[in-house]
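Trainee: Could you take me through one part of this model slowly? I would like to see how the pieces fit into a picture.

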Amino acid sequence: MRNVLILGDSYSTYEGYIPEGYKTYYYLNGPDDVPAFRKINVEDTWWKQVLDLSGDNLLLNNSWSGSTIGYTGYDNVDCSKSNSFIYRFRQLRDSGFFKENVVDTVFMFGGTNDSWSDAPLGEIKLSDWEEQDLYFVLPAICYLTKSIKTELPDSNIYFLINTDIKTEIADCIKQCCANYGVTAIELENIEKECGHPTIRGMKSISRQVLDKYKNNSKIKEDTKR
């Protein structure tokens, strides 16, 4: 059994499975104004399907709906001390989470809100970052990927690349993964409503993740159920 950490946005949230106070997107029994497709069973989420088929343990699902990797959120809101991926990673690091827990696998699934929010892209920067650089999407992606790899050099790290995001962001993720020794999983053909995976979309994500993950894990053979 491997310990799994998820660092994500709305695609990886589920009520009751993310830290208290984090914004969720998927529910079992959400408010009356929540669309039906957002009310799904936790077993229908991509990450729960991966865990169920691998037999691995969810150490922490650190996902926040609407979050960006970099410091620039929607409407140019400063997320450097709130919900950005970088801030949440630093919280875990500075709290001693990585020293107190064995993290075998990391799934990063972000970049969607950086694309949708039209945050400034900047330019790819693979080292020597300054804090100001992290308000730009591309250097922020590089910084986060490198930081996680440095903090967890012996972990299997996967970066999921969503469909329908800016080409510059997808290409940056692939370049960073190649440069730092992280596995990129470029997703295809995800059924969505309002930009978010349906149950069928979640199933498609899980299958594509398992195609990569099973190469480094003892995955059960039945990945089609």
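Trainee: Is Asp164 buried or exposed?

Mentor: Happy to help, and please keep in mind that this is a predicted model. Asp164 is exposed, since its relative accessible area is 62%, and the cut-off for that word is over 50%. To place Asp164, look in the loop between strand S4 (156–161) and helix H6 (167–180). Its backbone deserves a second glance too. Most residues other than glycine have a negative phi. Asp164 is not a glycine, yet it has a positive phi of about 60°.

Asn189 can be read in a similar way. This residue sits in the loop between strand S5 (183–186) and strand S6 (192–193). Asn189 has a positive phi of about 50°, again without being a glycine. With a relative accessibility of 69%, Asn189 counts as exposed.

Now let us turn from loops to helices. Two packed helices are described by the angle between their axes and the distance between the axes. For helix H2 (residues 85–94) and helix H5 (residues 137–151), the angle is about 20° and the axes lie 10 Å apart. Angles under 35 degrees count as roughly parallel, so H2 is roughly parallel to H5. Their crossing is left-handed. On the H2 side, the contact is made by Phe85, Ile86, Phe89, Arg90 and Arg93. H5 contributes Ala140, Tyr143, Leu144, Ser147, Ile148 and Glu151. Sorted by character, the residues of this contact are seven nonpolar, one polar and three charged.

Note on methods: Residues are numbered from 1 along each chain as its sequence is written. This is a predicted model: local features need pLDDT of at least 70, side-chain atom pairs count only at pLDDT 80 or more; totals for chains, interfaces and linings use all residues. Side-chain values use heavy atoms; hydrogens and water are left out. Axes are lines fitted to C-alpha atoms, for helices over the stretch in contact, and angles run from 0 to 180 degrees between N-to-C directions. Helices (H or I, at least four residues) and strands (E, at least two) are DSSP runs, numbered from the N terminus. Angles under 35 degrees count as roughly parallel, over 145 as roughly antiparallel, 65 to 115 as roughly perpendicular and the rest as oblique. A crossing is left-handed if the near helix is turned anticlockwise from the far one by less than a right angle, and right-handed if clockwise. Contact means heavy atoms within 4.5 Å. Ala, Val, Leu, Ile, Met, Phe, Trp, Tyr, Cys and Pro count as nonpolar, Asp, Glu, Lys and Arg as charged, and the others, Gly among them, as polar. Buried means under 20% relative accessible area, exposed over 50%, partly exposed in between (1.4 Å probe, protein chains only).
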